[in-house]
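Here is a quick tour for anyone opening this one for the first time. Have a look at the sequence and the 3D view, then read on.

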Amino acid sequence: MFDKTLAELAQGLERGDFSSTELTQAYLQRINALDSQYNSFITVTEEQALAQAKAADEARATGNTGALCGLPIAHKDLFCTQGVRTSSASKMLDNFISPYDATIVSRLKNAGTVTLGKLNMDEFAMGSSNESSFYGPVRNPWGTDRVPGGSSGGSAAAVAARLTPAATGSDTGGSIRQPAALCGITGLKPTYGRVSRYGMIAFASSLDQAGPMARTAEDCAMVLNAMAGFDPMDSTSAERDSEDYTAGLNQPLAGLKIGLPKEYFSAALDAGVAEQVRNAVAEFEKLGASVKEVSLPNTELCIPAYYILAPAEASSNLSRFDGVRYGYRCENPVDLEDLYKRSRGEGFGTEVKRRIMVGAYALSAGYYDAYYNKAQQIRRMIQQDFVAVLNDVDVIMGPTTPQTAFKLGEKSSDPVSMYMEDIFTLSLNLAGLPGISIPCGQTNGLPVGLQIIGNYFAESKLLNVAHQFQQATDWHKQTPAGLEV
Amino acid sequence: MSLDRSDVEQIAHLARLQIDAADIDSYSQALNSILNLVDQMQATNTEGVEPLAHPLDAVQRLRADEVSETNQREALQAVAPATENGLFLVPKVIE
Amino acid sequence: MEWEVVIGLEIHVQLSTKTKIFSGASTAFGAEPNTQACAVDLALPGTLPVFNENALRMAVLFGLAVNAEIGKRSVFERKNYFYPDLPKGYQTTQLAEPIVGPGYIDIETDEGVQRRVGLHHAHLEEDAGKSLHEDFHGMSGIDLNRAGTPLVEIVSDPDMRSSKEAAAYARKVHAIVTTLGICDGNMAEGSMRCDCNVSIRPKGQEALGTRTELKNINSFRFIERAIDTEVARQIDLIEDGGTVVQETRLYDPDKNETRSMRSKEEANDYRYFPCPDLLPVVIDDDYIEAVRATLPELPDARRARFTSEYSLSEYDAGVLSAYRAQADYYEQVVKQCGDAKLAANWVMGELAKFLNQNDTDIKDSPVTADQLGGLLVRIKDNTISGNIAKKVFELMWSKGGSADEIIEAEGLKQVTDTGAIEKIVDDVIANADKQVEQYKAAEPDKRGKMLGFFMGQVMKATGGKANPGAVTGILKQKLDALCD
């Protein structure tokens, strides 16, 4: 049962093979039994899940159900969930019980999903290995001495370990796609503005975007159907009609034009990863696609631009955590400054403090033009590179990450080497484009992710391309060695 | 560009972060390596390029001026560290 | 040495929207602490701002009223600093691209000094909450009801040359924003707050002296006094060989002194950058013209009309047009009673006195304009005298009701029946031998002045209700008859 996809579980519910309550109980038991190995959940909401399952079963009995009704899901712990701790994996919010639901949480609730709990992540989504969590690192089901990627590491690991059939994630520089790649699952970062940010604890507002993570593109399409849509509470939400992302999954790929950026196949790329990605591209050619080399000349500038813009926005976004209205407050502050400095100094972890300081520095008087403004200019150059290429091809493909899952502790002492993990993913956040990572092979027994990049609001196209690949291959069906399913 | 201890202390103060004296060197090292990384940008000619603040060239939407919120003080202050008579308490503010 | 004073004002005007600039919480004044601070206002994690269309409209309306360029593209930025009344740790404001660009305001002091004050720009921003310093076991209490209230900050050029000009400018801004209906103008509640940038320089010198900023002054009178005090301090300082330090100072009205705000001394580095949660505000000519079409008659135009249409003095016209609610009230009274001068005297006299004494805004006056007009009609048609009218007005104020109802109920109707008045006059004359003798002994051209005593007696006997014109005529006739 745990090896079934969300779509298969939906059919099972529909056929009456099992009830939502049975399904939910089974997943709760599995989380209980196995998650100590992965540490993918911060909070398991058993009671709430069973109540939601019961309600879903009752709804089904009256025939009043949508596609997601009764299906279990889990949320990255930066989506506010009313009455449930929403920690952003930080000591700062360890005691924060959200008084409200994020827009995507209520949308998924309204669709009848059952929330199993809240998933581990890098603290405030700052990281690429899930080692910066206040609740301890998440371990990769493909090798528990390895990182699952980050920052949505708990989401990716939980799906890979079959502790939930689907999860929500958020992606500021690759935080959905990179862990999806490292854990051998499918993860979609939609176009900026496609999914509401209201109630998602902000890291970098102009880069953050929520998206679905699941085993297959089809499952991601089902979840995205509920997540996506205009939200009047978010000024940056795109005013566009909702669409059915499952509708176009079966379009044939004959005639699809694929661009391969030469910069993505540089020396920094692991040879095994490169080989798997090229094999996957060859598979697309078999499906009728044509491939050409393209160029994204400013690819290398993504990292410096991103590591100015994201910390700058973060430094300001995280100022609200001051120990006054909610969250961690230091013991016995002697004065206001002490309250601020110790609450924040003790409440935030090292990587968060590092990024706040980088951001504060980049925005400070005298450095704004050299750093922030320059980075925004480079941001436009990067966007223009993509626009030019996407005028010419339908989708861009390449590796999601330069290498497979690395060992815990391997990069944690050197922030810059960790930042290099994101070289292929963060340009999409800068440009606001959608991208999906799908499993496309293995090297040394570890999954390799293929990133497919599309034009603005081309989520349907990305899901279609990914789904067709998954119809023709079975990389997405691979199970970590030793995992019982 | 290189940050020394006092730069780090000043930035930490600006960001209201208490940093243990013992950790300042490692912070300054990490910050310097990040700044070295971002200094790669400086070689790029960006003259005449319009900065991009948002990926989509959208404009601000307007909200109707109608009250949509009701008093939720009790629920909102349930997570507050210290309140009294409906006020959030902080160490004395000196003006 | 002769010094020239240079003053620029930054005026914060709270816009009278129903809701906050970025949230749907109410902006009503005086609610219980934090009952109008929603999740967005408290900066709960994950919350986001959405811009209030009415705040935009009001800012544009203001810009059009002060002859300013309107920013067709304006951008919200974050001003980052930590303070407990600032929940997000930044204030959302405008810096590089404000909604209102350069414009000007013409002012005139009471002494008749006229000046055109340049408007540097005006921008939209959010207000902060309040820190309350009552004793909470040595802590301060934070009320965030005000947090997120929309403000327009109006920044003048350093064009004013005296405290009187500064006060006149502030009054003019007050008149404009209340006329536009974009601010309730209630300075005691902080609806309009003023920062004054003050410097001095030797007369004839081009370069500006070092300025100090006087923060948060909330009355016109205090603007004048604070500036005068600060100017005197700066002159003393410089003439004693010292130098003015650029700093923020606080005016203490009780001690009539300014003092340095040490806590704000720290060099601020606000790390401004465009707010990524908000997009550029873009408006087109159609929008601007649609707002322009709603511009009401502005104070200057109304003042001019008051002098031409109602033949009011410059002074009266100026006072009556300075505050829209008062000007509207006045015009309604004129419409009711048909006598512009009488209406002006009453609105600026008796009504103003009662409003002042009871600390009441004219909008909340218990005596409506129609009611006051009704009262003045009764003066004009001789139903009551001016003195009785004051008594009627007092009752209208305290008990409510129309003038006619009160005149009727209290039996205050003026006695115009000459027969009745003659009888009373006869009684008065019969009981005032001494005064009658004096009257008779007086030179004929001095007798008019001596009527006062008799008039007083008649009024006393009638409870003030006798028609003064009729009494004068009858008294004169009867007394003069005795002299023959």
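How much accessible surface does chain A have, and what percentage of it belongs to carbon and sulfur atoms? The surface comes to about 14,100 Å², and carbon and sulfur atoms account for 45% of it. One thing to keep in mind throughout: this is a predicted model.

## Chain A at a glance

Let's start with the overall build. Chain A has 15 helices and 11 strands. Its C-alpha atoms fit in a box of roughly 65 × 55 × 45 Å along the principal axes. A compact globule of 485 residues would have a radius of gyration near 23 Å, and chain A, at 21 Å, agrees with that.

Now for the inside. Of the 485 residues in chain A, 69% count as buried. Take the contacts in this chain with a separation of 6 or more: 75% of them link residues 24 or more positions apart. As for charge, chain A carries 41 positive and 53 negative side chains, and the centres of these two sets are 2 Å apart.

## Chain C at a glance

Chain C comes with 15 helices and 16 strands. A compact globule of its 484 residues would have a radius of gyration near 23 Å, but chain C has 29 Å. The box around its C-alpha atoms is roughly 95 × 55 × 55 Å, again along the principal axes.

In chain C, 55% of the 484 residues count as buried, and about 20,800 Å² is exposed, with 48% of that supplied by carbon and sulfur atoms. Among its contacts with a separation of 6 or more, 68% involve residues 24 or more positions apart. There are 55 positive and 76 negative charges here, and their mean positions lie 3 Å apart.

## The nonpolar cores

Which residues have the most contacts inside the largest nonpolar core? They are Phe124(A), Phe284(A), Phe386(A), Met397(A), Ile452(A) and Leu463(A), in a core of 201 residues. Helix α9 of chain A, residues 302–317, gives this core its largest share, with 10 residues. There is also a second, separate core of 66 residues, and Ile7(C), Val60(C), Val66(C) and Val231(C) are among its members.

Phe284(A) is a good place to zoom in. Leaving out residues up to four places away in sequence, Phe284(A) touches Leu253(A), Ile258(A), Ala289(A), Met397(A), Leu450(A), Ile452(A), Val465(A) and Phe469(A). Two of those partners, Met397(A) and Ile452(A), are also on the list of residues with the most contacts in the core.

## Helix α4 and what covers it

Helix α4 of chain A runs over residues 103–110, and its buried residues are Thr103(A), Ile104(A), Val105(A) and Leu108(A). What lies over them? The cover for these buried residues includes strands β2 (72–76) and β4 (166–171) along with helix α7 (217–227), which belong to chain A. Just after the helix comes Gly112(A), with a positive phi of about 90°.

## A glycine that meets another chain

Gly432(A) sits in the loop between α14 (426–431) and β10 (435–443) of chain A. Is Gly432(A) buried or exposed? Its relative accessibility is 0%, so Gly432(A) counts as buried.

Its company is worth a look. Setting aside neighbours within four places in sequence, Gly432(A) contacts Lys189(A), Thr191(A), Tyr192(A) and Tyr456(A), as well as Pro55(B). Its C-alpha atom is separated by 8.5 Å from that of Pro190(A), though the two residues are 242 residues apart along the chain.

## Backbone oddities

Most residues other than glycine have a negative phi, and most peptide bonds are trans. A few spots here go the other way. The peptide bond from Gly150(A) to Ser151(A) is cis, with omega near 5°, and Ser151(A) is in the loop between β3 (114–119) and α5 (153–160) of chain A.

Over in chain C, Ala43(C) has a positive phi near 55° and is in the loop between β1 (3–14) and β2 (51–52). Asn256(C) also has a positive phi, about 50°, without being a glycine; its loop runs between β13 (248–252) and β14 (257–260). As for cover, Ala43(C) is buried, with a relative accessible area of 0%, whereas Asn256(C) is partly exposed, at 34%.

Key: Residues numbered from 1 in each chain as written. Chains lettered and ligands numbered in written order. Predicted model: local features only at pLDDT ≥ 70, side-chain atom pairs only at ≥ 80, totals over all residues. Heavy atoms only, no water. Helix = DSSP H or I, 4+ residues; strand = E, 2+ residues; numbered from the N terminus. Rg over C-alpha atoms; globule rule 2.2 N^0.38 Å. Buried < 20%, exposed > 50% of the residue type's maximum accessible area, 1.4 Å probe, protein only. Contact = heavy atoms within 4.5 Å. Areas by Shrake-Rupley, 256 points an atom, 1.4 Å probe, with all protein chains shown as cover. Lys, Arg positive; Asp, Glu negative; His and termini not counted. Charge placed at Lys NZ, Arg CZ, Asp CG, Glu CD. Core = buried A, V, L, I, M, F, W, Y, C linked by side-chain atoms within 4.5 Å.
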